[in-house]
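Here is a walk through one protein model, taken piece by piece. Have the viewer open and follow along.

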Amino acid sequence: MQIQSRLPDIGTSIFSIMSKMALDHGAINLSQGFPDFSIDEKIIHLVHRYMLEGNNQYAPMSGTPALRNTIAKVIADTYQRTIDPETEITITAGATEGIFAIIAACVSPGDEVILFDPSYDSYDPAIRLNGGVPVHINMNVPDFSIDWDVVRSKITTRTKLIMINTPHNPSGSVLDESDLKELEKIVLEHNLFVLSDEVYERLIFDDHKHQSVLHYPALASRSFAVFSFGKTFHATGWKAGYVVAPEYMTREVRKTHQFIVFSVNTPVQLALAEYMQTPEHYQSLGKFYQQKRDYFLQQIKGSSFEPITSSGSYFQVVSYRNISRQGDVAMAEELTKKFKVASIPVSVFYQDKTDNHLLRFCFAKKEETLARAGEILRKI
């Protein structure tokens, strides 16, 4: 007896492949998006304290009141928007679970979902697993902008949801005010929903302002906004995030969320609620990561790699067209095995495997890690 795969074309994640390759060949791992430096000891001590105080059983399905109340205050301070923590915020097991719960809640078989490539690798499978039809639109290269006229041309009577991601993984591009206003017009005209992946909201550079759907009242009334504590506080392994949406939409997300994970780690939630009472812990992140981006760019200055502007996230995309014409997967493998620096080929984020000869490096690393990688890359 065999299982008929529901995702027959999906293999091992490229992130797992490249990280294993880096380990096997002793390469510097700038592929998978996680920091190689420690998180703040203050939050570790808070988690430990809440564990010792006995907070080790199930949290409420929607999240602890303390954390939801804190998030509501942060949103009010950041986006000047009042959110009801009881009915409009749900704590999830990372942003990935939040995204899946949203899609499971609002996408019915045959519904079309528009997403923009290069796109994070969990989007398309989540849509298909819930019976939806992914409609991929390629972003413009090299600025990774969206052509909203193309978006309009792809909308049909079956379109249900548009997925956006800003700051964007893998490119580091950000949507601006005009993008959000165009999106708002389309959503209202066609009665659509939006899933806005904003996990890198605090990692934004060069005086850009993060354009959250929460900042636009009409758009927010039709949007699910997804956030990540792991990205914000350098603790990706904690798998803690949250979804913000109007009450009638949140009600449906909670129905799916409760049967995917039910609830999220209790002491971590309580620790985050207390830790976020100090805004400095998250307000300085843009400057922190901009310095790392600039340091990495300085390290590869003089090399044959051409950087593409990164305005947010902790990723830097580079073109290697002056070095080789081989495909980006082969180039990433050669870079890892021969030169001992691991990256991610950008073509894997495209449904049609568009290959613009681009690689993605993660600069959420210690300076010594970036310096060692830069020394190698300058010689290629």
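## The small open sheet

In this predicted model, P345 sits opposite L359 of strand β13. That pair belongs to the contact between β12 and β13, two antiparallel strands joined by two bridges. Zoom out and you get an open sheet of four strands, paired antiparallel in the order β9-β10-β13-β12. β9 (306-307) and β12 are the edge strands, and each has a single partner, so one side of each has no neighbour in the sheet.

Now look at the loop between β11 (341-342) and β12 (344-345), which is where S343 is found. Is S343 buried or exposed? It is buried, because its relative accessible area is 0%, and the cut-off for buried is under 20%. Setting aside residues up to four places away in sequence, S343 touches M18, L30, S31, A332, L335, T336, L359, R360 and F361.

## Helix α1 and its two faces

M18 from that list leads straight to helix α1, residues 14-24, where I14, F15, M18, S19, M21 and A22 are buried. These residues span an arc of only 160 degrees around the axis, so they lie on the same side of α1. On the face turned away from that buried side you'll find the exposed residues K20 and L23.

What covers the buried residues of α1? The cover includes β1 (28-29), α14 (328-337), β11, β12 and β13 (358-362). Both ends of the helix have something to check, too. At the start of α1, a side-chain oxygen of S13 comes to within 3.1 Å of the backbone nitrogen of F15. Just after the helix, G26 adopts a positive phi of about 65 degrees.

## A serine in the loop before α14

S324 is in the loop that links β10 (315-319) to α14. With a relative accessible area of 16%, S324 still counts as buried. Its side chain reaches the backbone nitrogen of Q326 at 3.0 Å. Beyond residues up to four places away in sequence, S324 touches M331 and H357.

## A buried lysine in α13

Helix α13 (residues 285-300) contains K292. This lysine counts as buried because its relative accessibility is 11%, with the limit set at under 20%. Where does the polar end of the side chain go? A polar atom of the K292 side chain lies 2.7 Å from the backbone oxygen of K365.

K292 also links parts of the chain that are well separated in sequence: K292 and F363 are 71 residues apart, yet their C-alpha atoms are 6.3 Å apart in space. Leaving out neighbours within four places in sequence, the contacts of K292 are F37, F363, A364, K365, K366, E367 and L370.

## Strands β6 and β8

Strand β6 (residues 193-197) is largely enclosed by the rest of the structure, since five of its five residues are buried. F193, L195 and D197 point one way, while V194 and S196 point the other. β6 pairs with β5 (residues 159-165) in the parallel sense over five bridges, and N165 stands opposite D197 of β6.

Strand β8 (residues 241-244) is covered on both faces, with G241 and V243 buried on one side and Y242 and V244 buried on the other. β8 has antiparallel pairings with β2 and β7. Four bridges join it to β2 (residues 89-92), where I89 has V244 as its bridge partner. Four bridges also join β8 to β7 (residues 223-228), and here F227 is partnered with Y242.

## The nonpolar core and the cysteines

In soluble globular proteins, nonpolar side chains tend to be buried together. Here the largest nonpolar core has 116 residues, and F116 and M163 are the ones with the most contacts inside it. What does M163 touch? Not counting residues up to four places away in sequence, M163 touches I99, I103, V113, I114, L115, F116, Y123, I127 and L195. L195 is one of the buried residues of β6, so M163 ties that strand to the list above.

As for the cysteines, the structure holds zero disulfides. C106 counts as buried because its relative accessibility is 10%, and C362 is buried with a relative accessible area of 1%.

Note on methods:
Residues numbered from 1 in each chain as written. Predicted model: local features only at pLDDT ≥ 70, side-chain atom pairs only at ≥ 80, totals over all residues. Heavy atoms only, no water. Core = buried A, V, L, I, M, F, W, Y, C linked by side-chain atoms within 4.5 Å. Buried < 20%, exposed > 50% of the residue type's maximum accessible area, 1.4 Å probe, protein only. Contact = heavy atoms within 4.5 Å. Disulfide = S-S within 2.5 Å. Arc of directions from axis to C-beta. Polar contact = N/O pair within 3.5 Å; in protein donor to acceptor, adjacent residues only side chain to side chain. Pairing = 2+ DSSP bridges.
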